[in-house]
Amino acid sequence: AVLHVLYLIFNEGYTASSGPDLQRADLTSEAIRLARALHRLLPDDGEVSGLLALMLLTDARRAARSGDGGLLIPLTEQDRTLWNRDAIDEGTALITDALTWSPPGPYQLQAAIAAVHAEAARPEDTDWPQILA
């Protein structure tokens, strides 16, 4: 239940349900901060690692997600040079590690898919067979 609430907070920040802005960095940042704290307390919980990784990998694209006037830019059209490589590296390392010792859960699977997208330099370089697997 705690992971679900953290993910709800994150998602409200990632795509705000009301207000003038598409994104609310204050909410995504707070959700990531709380997920980091939970990860410090429960480092052996694969789903905690998976959720933190998913948040980091998703939030890493924030700067490229919207254009002028706050219009949403689809993943395939985003300027990947704007993606936060440090967050991608951290999220990828977290999910890679968690998948080696923990049975995969929903957050881990979503984080693994997000990592594959983040590793592709261009949309056409996306490893779709790996995502399908």
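# Reading the helices, rings and core

Visitor: Which residues does L57 touch, leaving out those up to four places away in sequence?
Guide: In this predicted model, L57 touches I88, G91, T92, A111, A114, A115 and A118. A touch here means heavy atoms within 4.5 Å.

Visitor: Where does L57 stand in the largest nonpolar core?
Guide: L57 is among the residues with the most contacts inside that core, along with F10, L51 and M55. The core has 29 residues.

Visitor: What makes a set of residues a nonpolar core?
Guide: The members have to be buried nonpolar residues of a set list, Leu, Met and Phe among them, joined through side-chain atoms within 4.5 Å. F10 shows the burial part nicely: the cut-off for buried is under 20% relative accessible area, and F10 has 0%, so F10 is buried. As a general picture, nonpolar side chains tend to be buried together in soluble globular proteins.

Visitor: Which elements give two or more residues to the core?
Guide: Those are α1 (2–14), α2 (25–41), α3 (46–59), α5 (85–101) and α6 (106–119). The top contributor is α3, with eight residues.

Visitor: How many aromatic pairs turn up in a search of the whole structure?
Guide: Two.

Visitor: Why is the pair of Y7 and Y107 called edge-to-face?
Guide: Two numbers settle that. The ring centres have to lie within 6.5 Å for a pair, and planes over 60 degrees apart count as edge-to-face. For Y7 and Y107 the centres are 5.4 Å apart and the planes are at 80 degrees, so the pair passes on distance and lands in the edge-to-face class.

Visitor: What does the pair of Y7 and Y107 tie together?
Guide: Y7 sits in helix α1 and Y107 in helix α6, so the pair links parts that are 100 residues apart in sequence.

Visitor: How do you know whether Y7 and Y107 are buried or exposed?
Guide: Hold each value against the 20% cut-off for buried. Y7 has a relative accessible area of 17%, so Y7 counts as buried. Y107 is at 11%, so Y107 is buried too.

Visitor: Then why is the pair of F10 and Y14 called stacked?
Guide: Stacked is the name for planes under 30 degrees apart. F10 and Y14 have 15 degrees between their planes and 6.0 Å centre to centre, and 6.5 Å is the distance limit for pairing. Both tests are met, so stacked is the right label.

Visitor: How far apart are F10 and Y14 in helix α1?
Guide: They are four residues apart, so about one helical turn separates them. Y14 has a relative accessible area of 13%, so it counts as buried.

Visitor: What lies over the face of Y14?
Guide: R65 does, at 3.6 Å from the ring centre. The distance limit for a charge over a ring is 6 Å.

Visitor: What makes A63 exposed?
Guide: Exposed starts over 50%, and A63 comes in at 53%, so it qualifies. A63 lies in helix α4 (residues 62–65).

Visitor: Why does A93 count as partly exposed?
Guide: Partly exposed is the range between the 20% and 50% cut-offs. A93 is at 49%, so it stays in that range. A93 belongs to helix α5, and its C-alpha atom is 9.3 Å from that of A115, 22 residues away along the chain.

Visitor: What about E124 and R122: which is exposed and which is partly exposed?
Guide: E124, at 55%, is over the exposed cut-off. R122 has 42%, so it is partly exposed. R122 is placed in the loop between α6 and α7 (128–132), and E124 is placed in the loop between α6 and α7 as well.

Visitor: How do you know that the chain is as compact as a globular protein of its length?
Guide: The globule rule gives 14 Å for 133 residues and the radius of gyration is 15 Å, which is close, so the chain is as compact as a globular protein of that length. The chain has seven helices and zero strands, and buried residues make up 42% of it.

Visitor: Which feature does UniProt place at residues 1–98?
Guide: An unreviewed UniProt entry gives "domain: DUF6596" there. In the model, that span is 63% helix and 0% strand, with its end C-alpha atoms 20 Å apart.

Terms used: Residues are numbered from 1 along each chain as its sequence is written. This is a predicted model: local features need pLDDT of at least 70, side-chain atom pairs count only at pLDDT 80 or more; totals for chains, interfaces and linings use all residues. Side-chain values use heavy atoms; hydrogens and water are left out. Buried means under 20% relative accessible area, exposed over 50%, partly exposed in between (1.4 Å probe, protein chains only). A charge sits over a ring if NZ of Lys or CZ of Arg is within 6 Å of the ring centre and within 35 degrees of the ring normal. UniProt positions are given in the numbering used here, feature names are shortened, and annotations may be inferred rather than shown by experiment. The radius of gyration is taken over C-alpha atoms; the globule rule is 2.2 Å times the number of residues to the power 0.38.
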